[in-house]
Structure formats: structure tokens, C-alpha cells
Amino acid sequence: MPEKSNRPKLLQAMVDAFSLPDLRRRILITIGILAAFRVIAHVPMPGVDSQALAELMEGNAVLGMLDIFSGGALRNFSLVALGVYPYITASIVMTLMTPIIPFLQRLSQEGEAGRNKINLITHWMTVPLAALGGWGQLVLLQREGVVAASDPLVTVTIIISLTAGTLFLVWLGEQITQYGIGNGVSIIIFAGIVAGLPQLIGQGFLAREQFLGLGVYLLIALATTILIVIFTEAHRRIPVQYAKTVIKSGRMYRQSGASHIPLRVNTAGMIPLIFASALVIFPGTIASYFMNPAGSDPNFWNTIYTWFNPNTELPVGAFYWVMFFLLTIAFAFFYTMVVFEQQDLPGTLQKQGGFIPGIRPGKQTATYLNSVIRNITWGGALFLATVAIMPFLAREITSVQTLQLSSFGMLIVVGVVLDTMKQLEAQLVMRRYEGFIK
């Protein structure tokens, strides 16, 4: 066992991590890949008006959400402006389609080989989604005057470059997952969000005259972070008993053991936020193309844009956030039940000779587990919905307009930090070092 030190536990764990050659190599590989990503994120496409792009990003909520998934690359319209968003979309589509399409369902039951095939299909699906997303972004930026009008050959070149940038980021993420520390795709998004912290600090200095409001704003951000940590780690343990028969030397022995199934309170992660945000933003985005310009008589599309604009003042502005709240709850239940049905826990328990004490195997076990997951999902759904509207609550309570609290950003950052710390913890404990968590 390594000798104990008087250093703080977190610092000592980091020292131990860098003292192990294999773990040090993994950490340095992760840092090196992230450095390469940040360099590429600053390579812009030709003909971009950076000032016009900055103004467009401030007034378009959809582009703001996509910028998070691109790791801040969209605000530069760089080679990796699409980020890993097409890959995430393809992964979500595959998750939803697996229990519906028999071919995919059979693949999911083939173990590691089946998962590799599904992953390959996800990669191929990413290509058309990235090309379509690149074309949509280019058309939007050309219409807004951000990118100068170009001939078809240049347009095709930009779309191919954006698609290649997305696939390159996915490849970088897989290298982090295989050779580095943590989930690569999540860490790339995390790096982009963290890279925007200096800008957030600068916005805080702009709001320093509102000292009381800024203090309350920071308290809300801290409370939200604590809430995210609690609900990310929260789960309910379902006790399970295992009984199996072992034959030794011609004699039959019965063995038993106890374990538990950890059912997460927030099984869906941040997927419901993505679905709900995309759905509630979509009407306003469509309306922005057909509404009359400012200063002229408003038409029907102006009204739609006003109702589905997150920056609209109260009381009309509350409609957007109420819809966001309700849709987040609905999608949390929908996605949780899809994922839970796909796991088929009752069938797995029955195959392994396990049972829940007091519950008969088979249909009664499935009914019981479905009831439990529905009940605890209420907590996860209300948590996600509260986090979704936290930017609105922080803005209205503190009256601080220069700072923007991002629900997506906070969920991603906290989730990635917790996941990475767990992986480091496992590596240290495996080598008989004391980790972060006691």
C-alpha cells in the first residue's frame, strides 16, 4: 500500500494519478486530443462575417443550443461547426428505433458483436445527418448575410468539409474513450463549454454594478449545481436474491446470494431537455422566416414568434417556459420507458435465476419494476423541468441580463466531471491507491 500523505485528498489523488505511468499516459492523451480540438475549432470557413455571426448567435436560441454541442465552434463557423450534434442525433434515433425494428432488436441481443454493428450503423447515419445539418446552417447564414453568397462548387465544398469535421470529432472522441479517460464525445462537448468560461467571467464583470443581483445569481447557479449532482447520483436499490444449483462430485448443492438493481431517478439524462428544447424552439424558428420586419405591421407569424421566443417579456414570455417545463416532463417519461423496456430487466433476472423478494418472477416482476420506475421518474422529470426553466427564474429573480445560465451546459459539465472522476477513482482503487471518494 502507498504511504499516506498529509495532502488534501483531492490533491493527493491527482498526484497519485500522475505517478502511475499508464494513468498518466491516458490523461496526457486526453489533454492532447482536446488541445487539437480547440485548435481546429478556430479554423473558420471562408467568407464569414464574424460580427454579423456574433449578432445572429445572440438572437437565435436554436444556434445557441447547437453551439453548446459544437463545443463553441459554431460561433466561429469553423471546420467543426456542426460539432458532434449529428452523431448524438443518430444515437438517439437508433435508441428509439431499436425496440421497434426487429432487425435492430435482434442485433441488440447479440452482445458485443451486435452493439458494434449498431454503432457502425449509427456512424453511417451520422454522414447524411451531418451533410443535411451543414447545408441548413450554410443556407441560414447566407440568408442572414453572415456568409457571402457562393457558387455551387464552393457550397458543396463547405458542406463536405463540415461533414468531415463532424466525423473527425467523433473519431477524436472515440480515441479518448479507448486510450484516454472518460466518455470522449461528452468530454469534447465539456471542453467547448469550459472554453467559454472566460467570456462568462467577463460578462460577470459587466454586471458587477448589480452586486446584490449578481450574488443571488451565483447562489442560484451553485444551488442548481448541487441539485444536479444529487439527482444525477440518486437511485433506488431494488433487492434481488439469486438461487442456483451446483453439482459437485455427483451431489447437488443449492447456493444463494443477494444483490440489488440500482434504478436511477434520472434515467433519461439530458435527452428530454434536448427533445423539449428543439420542439419548443421550432415554431419560433419557422415563424422568423415569414414574419414582417420590425417597424411594419405584425402578421400571424410575428405573433407566433413572440409567443415562442424565450426573451419575450412577461406575461406572454411565460408561455415559452411553461411549454418547456411540461414538454421536458413528458419526454422524460417517454424516453425513460423506452430505455427501460429495451433493457428487459425481468427477462434478464429470470434467465440468471434471480428474483425480487415477495414478487413472483415473470409478469408480476415486470409490473412491479414498471411501477417503481414510473414513481421515481416523477422525481427525475420534475428535476429536469426545474433545471430547464432555471435560466428564466434566475433572470427574473435577479434582473441580471448580461449573464446567461445554461441548463444544458451545467448538466453536461456536472455529468462529465462526475463520470470522469468515477473512472479515475476506479483506476486508482484498482492499483490500491486511495481515490477521490471515501
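Lys422 counts as partly exposed, at 37% relative accessibility. In this predicted model, the side chain of Lys422 meets that of Glu233 in a salt bridge, with 2.9 Å from N to O. Lys422 belongs to helix α18 (residues 407-430) and Glu233 to helix α11 (residues 211-233), so the pair ties together parts that are 189 residues apart in sequence. Glu233 is partly exposed as well, with a relative accessible area of 30%. If you are wondering about the chemistry behind such a pair, side chains of opposite charge can pair when their charged atoms come close.

**Salt bridges within a helix**

How many salt bridges does a search of the whole structure find? The search finds 3. Besides the pair you have just met, look at helix α2, which covers residues 21-40. Here Asp22 forms a salt bridge with Arg25, and Arg26 forms a salt bridge with Asp22. Asp22, Arg25 and Arg26 are thus linked in a network of salt bridges.

The spacing along the helix is worth a look. Asp22 and Arg25 are 3 residues apart, about one turn of the helix. Arg26 and Asp22 are 4 residues apart, which is also about one turn. As for the surface, Asp22 is partly exposed, with a relative accessible area of 28%, and Arg25 is partly exposed with 41%.

Here are the salt bridges side by side:

| Pair | Closest N and O atoms |
|---|---|
| Asp22 and Arg25 | 2.8 Å |
| Arg26 and Asp22 | 3.9 Å |
| Lys422 and Glu233 | 2.9 Å |

The Arg26 and Asp22 pair, at 3.9 Å, counts as a salt bridge because the cut-off is within 4 Å.

**A buried residue in the same helix**

Stay with helix α2 a little longer, and find Thr30, which has its place there. Is Thr30 buried or exposed? At 8% relative accessibility, Thr30 counts as buried, because buried means under 20%. Which residues is Thr30 in contact with, leaving aside its neighbours within four places in sequence? They are Ile176, Gly180, Ile181 and Ile187.

**A nonpolar patch on the surface**

Now turn to another part of the chain. Val93, Met97, Ile100, Ile101 and Phe103 make a nonpolar surface patch of about 410 Å². Two of its members can be placed in more detail. Ile100 sits in the loop between α5 (85-97) and α6 (102-108), and Ile100 is exposed, with a relative accessible area of 59%. Met97 is found in helix α5 and is partly exposed, with a relative accessible area of 31%.

Met97 also shows how folding can bring together parts of the sequence: Met97 and Val338 are 241 residues apart in sequence, and their C-alpha atoms are 9.6 Å apart in space.

**The whole chain**

Finally, step back and view the chain as a whole. Its secondary structure comprises 18 helices and 3 strands. The chain has 438 residues, of which 42% count as buried; Thr30 is one example of a buried residue. The accessible surface comes to about 23,700 Å², and carbon and sulfur atoms hold 65% of that surface.

What share of the contacts with a separation of 6 or more comes from residues 24 or more positions apart? Such residues account for 72% of those contacts. The salt bridge between Lys422 and Glu233, with which this report began, ties together parts 189 residues apart in sequence.

Key: Residues are numbered from 1 along each chain as its sequence is written. This is a predicted model: local features need pLDDT of at least 70, side-chain atom pairs count only at pLDDT 80 or more; totals for chains, interfaces and linings use all residues. Side-chain values use heavy atoms; hydrogens and water are left out. Patches are made of residues with over 30% relative accessible area and no salt bridge: like charges are joined within 9 Å, nonpolar side chains (Val, Leu, Ile, Met, Phe, Trp, Tyr) within 5 Å. Accessible areas come from the Shrake-Rupley method with a 1.4 Å probe; for residues, only the protein chains shown count as cover. Helices (H or I, at least four residues) and strands (E, at least two) are DSSP runs, numbered from the N terminus. Buried means under 20% relative accessible area, exposed over 50%, partly exposed in between (1.4 Å probe, protein chains only). Contact means heavy atoms within 4.5 Å.
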